[in-house]
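Me: I am in my first year and would like to look closely at a single part of a protein model. Could you take me through one strand and what lies around it, slowly and in one connected answer?

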Amino acid sequence: MAAKSPHLIGHCFRVTASSRLGVLYTTPILLALTLPGCTHPSADNIRLRKLNQDLQAKIDNLTTQNDSKQRIIDGLMQRIPTIPTLPPKELKNFWIPAGLKFGRFTGGVQIDATKPGDDGLRVYICPTDEFGTPIQVPGSFVVEAFDLAEKGDNRLGRWTWDSIAAKSQWRSFLLEFGYELTCPWQKIPKRSDITVRVTFTDELTHTPITAEEVAHANIPPSPQSAPTTAPSR
């Protein structure tokens, strides 16, 4: 292989050195050209950012309005009755209950014949129209019994019938008809006079009607009051 000339070697060295110096000089220039684009957004970028901010503000405003309207709708829906009823003008065309009438056999009842005295209450009740005439209409019942002479908690029991259960208790007897509601004692009374309160809710109008009456029950003597020794002769 022929030896390279010293002039050629020196030329190559100068070219190589110049290339390296060119790279060193051009790198800061490229950085100087690219850095201003990062630190100073263009007008288009500014407009896009402003447009995004405006759109986000509109979205937030519409979301707030929608939430407010939804709360108003929820409030109105809570005020609307969930059970539809007929308007008063149409109700005048029906026989609707306006009161309650107790049957004359309402009072204590001996449910268990093996036990002395009455162990419950039997209520005979019938809805009446505006003229006091008994009418057969469906509805639900709540029966409560009280011993008003008792201090403190004087309620003897509370019994309920929905309209389906009450329908099976309709009776017709001795020229009378009405609902027959049997209520076993939940708390044994100490006195024979029992205050009975009946609340009837009409199935058509969904209107509650309440009536009270004092009934009589045969209360057996309590074990504490029964004599412990035979009476002397």
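Reply: What follows is a walk through strand S3 and its surroundings, and then through the strands and salt bridges linked to the core that S3 helps to build.

Please keep in mind that this is a predicted model, and that every value below was computed from it. Strand S3 spans residues 120-128, and it is mostly covered, since eight of its nine residues are buried.

Let us begin with the strands that pair with S3. Strand S1, at residues 99-102, pairs with S3 in the antiparallel sense over four bridges, and in this pairing Leu-100 stands opposite Pro-127 of S3. Strand S2, which covers residues 107-109, also pairs with S3 in the antiparallel sense, over three bridges, and here Gly-107 stands opposite Arg-122 of S3. Strand S7, at residues 176-184, is joined to S3 by six bridges, and these two strands run antiparallel as well. If you want one pair to find by eye, take Leu-121, whose bridge partner in S7 is Cys-183.

Now look at the side chains. In soluble globular proteins, nonpolar side chains tend to be buried together. The largest nonpolar core of this model has 29 residues, and among those with the most contacts inside it are Val-123 and Ile-125, along with Phe-141, Val-143, Val-196 and Val-198. The elements that give two or more residues to this core are S1, S3, S4, S5, S7, S8 and S9. Ile-125 is a good residue on which to rest your eye for a moment: leaving out residues up to four places away in sequence, Ile-125 touches Leu-100, Lys-101, Phe-102 and Gly-103, and also Phe-141, Gly-178, Tyr-179, Leu-181 and Val-198.

From the core we can move outward to strands S8 (193-202) and S9 (208-216), which both contribute to it. These two strands run antiparallel and are joined by nine bridges, one of the partnerships being that of Asp-193 with His-216 in S9. Together S8 and S9 form a hairpin with five residues between them. His-206 lies in the loop between S8 and S9, and its phi is near 60°, a positive value in a residue other than glycine. With a relative accessible area of 30%, His-206 is partly exposed.

S8 also carries a charged residue that repays attention. Arg-197 forms a salt bridge with Glu-144, the closest N and O atoms being 3.8 Å apart. Because Glu-144 lies in strand S4 and Arg-197 in strand S8, this pair ties together parts that are 53 residues apart in sequence. The two partners differ in their cover: Glu-144 is buried, with a relative accessible area of 12%, whereas Arg-197 is partly exposed, with a relative accessible area of 29%. The side chain of Arg-197 also meets that of Glu-212 in a salt bridge, at 2.7 Å from N to O, and this pair links strand S8 with strand S9 across 15 residues of sequence. Glu-212 counts as partly exposed, at 47% relative accessibility. Seen together, Glu-144, Arg-155, Arg-197 and Glu-212 are linked in a network of salt bridges.

Another salt bridge lets us follow the loops. The side chains of Glu-150 and Arg-191 meet at 3.0 Å, N to O, and this pair links distant parts of the chain, with Glu-150 in the loop between S4 and S5 and Arg-191 in the loop between S7 and S8, 41 residues apart. Arg-191 counts as partly exposed, at 34% relative accessibility. The loop between S4 (139-146) and S5 (155-161) also holds Asn-154. Asn-154 has a relative accessible area of 19%, so it counts as buried, the limit being under 20%. Leaving aside neighbours within four places in sequence, Asn-154 is in contact with Ala-145, Phe-146, Asp-147 and Leu-148.

To return to where we started, S3 pairs with S1, S2 and S7, and it gives residues to a core to which S8 and S9 also contribute.

Methods. Residues numbered from 1 in each chain as written. Predicted model: local features only at pLDDT ≥ 70, side-chain atom pairs only at ≥ 80, totals over all residues. Heavy atoms only, no water. Buried < 20%, exposed > 50% of the residue type's maximum accessible area, 1.4 Å probe, protein only. Contact = heavy atoms within 4.5 Å. Core = buried A, V, L, I, M, F, W, Y, C linked by side-chain atoms within 4.5 Å. Pairing = 2+ DSSP bridges. Salt bridge = Lys/Arg side-chain N within 4 Å of Asp/Glu carboxyl O.
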